[in-house]
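Me: I should like to examine the terms applied to this model and the values behind them. Please set each value against its definition.

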Amino acid sequence: MIQLADAILAVVLLTVLLSLGSNRLMALVKIMALQGIMVSITPLFLEHHQNLEGSALLLFQVMILIKGLLIPGFLIMAVKKVSIQREIEPIIGYHASIFAGLGLILLSAFITDKLHLSMPGDHALLLITAITTLAAGLFLMMSRTKAITQVIGYLMMENGIYLIGTALAKQTHTMYVVEFGVLLDLLVAIMIMGIILHNINSAFDDVDTALLDQLKD
Amino acid sequence: MLELVFILPILAGIMASFLPAQLGRGVLLVAALLHLQITAMAWLGKLDPSLPAYFSTAPEGMLVLLVTSFIFLFISIYAVSYMKETQMDNEPIFIGCMLFFLATMSMVALADHLIVLWIAIEATTLVSAPLIFLNRSKAALEATWKYVLICSVGIALALLGSFFITLSMDLGNVHVPLTFSSLVAVASQLDAIWLKAGFIFVLIGYGTKMGLAPMHTWLPDAHSQAPSPASALLSGALLNCAFLGVYKVHTLMYAAGMGDYSSNVLIVFGLISMVIAGIFILNQPDYKRMLAYSSIENMGIIAFGVGIGGLATYGAMLHLIHHSLIKSSLFLSAGNILLGYGTKLVNKIGNMAKLFPKSFGTFFAGFAGISGFPPFGIFISELLIIIGAFRTGHYVSVSIFIFCLILIFAGASRIVMRMSFAATDQPVLVEEKMMRVVPSFILLLTSLVLCVWLPEDLYQTIINAISVIGGAVNG
């Protein structure tokens, strides 16, 4: 079972690197769907989450539905609507981004190693993946100019936070806390950003946040 | 049924969203009045929470609730007249969101559970975004985008901080409900490192919402682009709610014996906010942005005061009350000016003293108040913070503090003088109306009254709120 969990985490890491390197928005959304599903099933394969109740299983199904289907669906709609295929002028290039992603993995490994003393249980890879996903999400938000890519970066960051929550939660009551928070967060991020994306589209020809720089001092 | 405090505005908000605008205005006023009544009942101890696991009447929360409810009533009176003048397109949405905003902020004030607090603060972002976007201009769109994106990141980090606090519970083998009231009692058993990490993340997260520099970048845009009643609410009520989140975790840190650490962090963030606000106010071309930067400054002052501790904490709590009263009054006056001249640029505005004598009166008095002149309350609160800082030997930080106050006064007074007395050829678009002047006047008057006479209940509540972190009037 542990090996399976490690394999899933490796896939998550791979999706992180892929998303940093991909310039096609459609592909990016598909990668995010895969990552969402992988992230939401991770807890099922962890040792300390083995004895699950019915309600918990239901929660996982909902999570998979939201992260794997609903949100990517919305994102695909958004991509089609604004009819842009690729992110043309990233602030940091794709190769440099992948390289930065590798650096983030190393950094996360270092941080996890440092924190190891006070960690419950033994899942080093989980925490490494979680911190990498979080940091890469932030990186994506800062290094891309399109509004959609920024939203995707935010989603990735949330996935990272969810993984950190899973890694750290030991008892069942805290586990529910993790799930509930993220569910709401996802709803908020997508609903509002979706609406805003729509309006950015009608107000500008291009969904480029670089155009949003009128307000400054 | 303490929960009525936020259930009532939700119901009213749903009603107002479907009713025609005329009726909606009535609903807004009635809901605001009822909300103040329920708040008063909660203050008198007539209401008990039906879900004590999630909500409580913590003194600091009650304080924020009272301030929010009080200024909301006057903002809604102003908003009714404002809506008549501006012929808003989406009035039902505006009224609905104002009420939902009130509901979520009341929920923040009452929340005792770590996650419920987080959900409530999250929800404030959700319902206030449409308020900022109401004008549907390019600038409003940009402001809303920045607001939602930056605050979402902040809130996500706050969630992470909440996880860390939960983890510190797990590691310390503490088995109590995840509420602040029960955590404070067992704080010394919590794992120190993770609690510290939790504090930092929560401070960055809620600090973003509160407008602490350097996470403040959304605030001037959002406050200047939102319609004036919404700006007043954002500045006067929302920032307090975010501060409440920071404050609660600070009390937890204090109870765990790490109060020095969190106090120093708060002092540093407070001073950075004040310095940045001072720099940007100095040559500010837009008066609504000036007020927004002044909010950043005042949030910095509150964080600074809480960080200093002792007497300064009492000053910070007073500052919170008076800043809300005066700043919302200022934003309402600024709304009159914006309606009257049709521009936010200081350079195009002048001769306010002649053209808009009443709005000039409230704006100028508000400016005097926010700059710390007697007889308004900020004079006392800033004085107490300075005395408190001297008593505890924070000489360097208090020098920076005083320098920033002078800097901001210099910058703001130039702008206000120019607006009040310089010549202008701008035509007057909308005359000022009594209904749009009286609310800001009453808010100022309240600050004045509270300056000379503080009700015993209010005083006792402030003392109860700050005694947890060692704050006292004689401390």
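Reply: Helix axes are lines fitted to C-alpha atoms over the stretch in contact, and angles between N-to-C directions run from 0 to 180 degrees. This is a predicted model, in which local features need pLDDT of at least 70, side-chain atom pairs count only at pLDDT 80 or more, and totals for chains, interfaces and linings use all residues. Residues are numbered from 1 along each chain as its sequence is written, while chains are lettered from A and ligands numbered from 1 in the order in which they are written.

Me: What makes H6(A) roughly parallel to H6(B)?

Reply: The axes of helix H6 of chain A (residues 147-168) and H6(B) come within 10 Å and cross at roughly 5 degrees. Angles under 35 degrees count as roughly parallel, over 145 as roughly antiparallel, 65 to 115 as roughly perpendicular and the rest as oblique. H6(A) is therefore roughly parallel to H6(B). Among the residues making the contact are A:Tyr154 and A:Ile161 of H6(A), and B:Val153 and B:Phe163 of H6(B). Residues are in contact if their C-beta atoms, placed from the backbone, lie within 7 Å.

Me: How do the residues of the contact of H6(A) with H6(B) divide?

Reply: They comprise 12 nonpolar, 3 polar and 1 charged. Here Ala, Val, Leu, Ile, Met, Phe, Trp, Tyr, Cys and Pro count as nonpolar, Asp, Glu, Lys and Arg as charged, and the others, Gly among them, as polar.

Me: Why is B:Ala140 called buried?

Reply: A residue is buried if 20 or more other C-beta atoms lie within 10 Å of its own, exposed if 12 or fewer, and partly exposed in between, with C-beta atoms placed from the backbone. B:Ala140 has 22 C-beta neighbours inside 10 Å, so B:Ala140 counts as buried. B:Ala140 belongs to helix H6 (residues 138-171) of chain B. Beyond four places in sequence, B:Ala140 touches B:Ile132, B:Phe133, B:Asn135 and B:Gln225.

Me: Why is B:Asn173 called exposed or buried, and which class holds B:Asn351?

Reply: B:Asn173 has 9 other C-beta atoms within 10 Å and is therefore exposed. B:Asn351 has 16 and is therefore partly exposed. B:Asn173 lies in the loop between H6 and helix H7 (180-185) of chain B, and B:Asn351 in the loop between helix H13 (311-341) and helix H14 (352-355) of chain B. Although not a glycine, B:Asn173 has a positive phi of about 55 degrees; B:Asn351, also not a glycine, has a positive phi of about 55 degrees.

Me: How many helices does chain B have, and what makes chain B as compact as a globular protein of that length?

Reply: Chain B has 19 helices and 0 strands; helices (H or I, at least four residues) and strands (E, at least two) are DSSP runs, numbered from the N terminus. Its radius of gyration is 21 Å, close to the 23 Å that the globule rule gives for 475 residues, so chain B is as compact as a globular protein of that length. The radius is taken over C-alpha atoms, and the rule is 2.2 Å times the number of residues to the power 0.38. Of the 475 residues of chain B, 64% count as buried.

Me: Which peptide bonds are cis?

Reply: The bond from B:Ala213 to B:Pro214 is cis, with omega near 5 degrees. Another cis bond joins B:Pro374 and B:Pro375, with omega about 10 degrees.

Conventions
Two residues are in contact if their C-beta atoms, placed from the backbone, lie within 7 Å.
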